[in-house]
Amino acid sequence: MSALLARRARAALQLAASLWLAACGNASWDGVDEAVVRRVAEDAGRHDTGPLFAGLEGDLLLFAFLWAGLLAGFALGYFSRVLFVERAGAPAGKAGGEGLRAD
């Protein structure tokens, strides 16, 4: 009996979801930029200056952010060696752990 009830509940949920999508499918969902920020900026007398990265659109913008992230990660990794490996002017230890003792 519970399996039949579960199937009916699942069918009712699917029907409700499909009706909701059909009703709201053509609706335009404004983002925070259009709905809030633009209205507040216009109330303050400011106007839209256009995108910050004007020539970069679509996949080119993603590619640019990929390279920026890679370069920033490399720089942070390279300069963090001063914090975690080298101490107060002393060079980093020898490769292979030659200075370690195993008693």
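Guide: Let us begin with a yardstick: a residue is buried under 20% relative accessible area, exposed over 50% and partly exposed in between (1.4 Å probe, protein chains only). The model above is predicted, so local features need pLDDT of at least 70 and side-chain atom pairs 80 or more, while totals for chains, interfaces and linings use all residues. Residues are numbered from 1 along each chain as its sequence is written, and side-chain values use heavy atoms, leaving out hydrogens and water.

Visitor: Why is Trp67 called partly exposed?

Guide: Its relative accessibility is 44%, which falls between the two limits, so Trp67 counts as partly exposed. Phe63 earns that label at 46%.

Visitor: What makes Phe74 exposed?

Guide: Phe74 has a relative accessible area of 61%, and that is over 50%, so it is exposed. Tyr78, at 40%, is partly exposed.

Visitor: How many aromatic pairs does the structure hold?

Guide: There are 3. Phe63 and Trp67 make one of them, with ring centres 6.3 Å apart and planes at 75°. Rings of Phe, Tyr and Trp (its six-membered ring) pair if their centres lie within 6.5 Å, and planes under 30 degrees apart are stacked, over 60 edge-to-face and the rest tilted; the angle therefore makes this pair edge-to-face. Both residues sit in helix H3 (residues 59-79), 4 residues apart, about one turn.

Visitor: And why is the pair of Phe74 and Tyr78 called stacked?

Guide: The centres are 6.2 Å apart and the planes differ by 20°, which is under 30 degrees, so the pair is stacked. In helix H3 Phe74 and Tyr78 are also 4 residues apart, about one helical turn. With Phe79, Phe74 and Tyr78 form one aromatic cluster.

Visitor: What makes up the secondary structure of the chain?

Guide: It comes to 4 helices and 0 strands, running α-α-α-α from the N terminus. Here helices (H or I, at least four residues) and strands (E, at least two) are DSSP runs, numbered from the N terminus.

Visitor: How do you know that the span of helix H2 (residues 32-43) agrees with what is expected?

Guide: The expected span is 1.5 Å times one less than the number of residues. For the 12 residues of H2 that gives 16 Å, and the end C-alpha atoms are 16 Å apart, so the two agree. Just after H2, Gly45 takes a positive phi of about 85°.

Visitor: Why is helix H1 said to lie largely in the open?

Guide: Of its 23 residues, the number buried is 0, so H1 lies largely in the open. Of the 103 residues of the chain, 0% count as buried.

Visitor: Where is confidence lowest, and where highest?

Guide: By pLDDT, the predictor's confidence in each residue from 0 to 100, helix H4 (residues 81-84) is lowest at a mean of 75 and H3 highest at 91. The chain averages 77, and 76% of the residues score at least 70.
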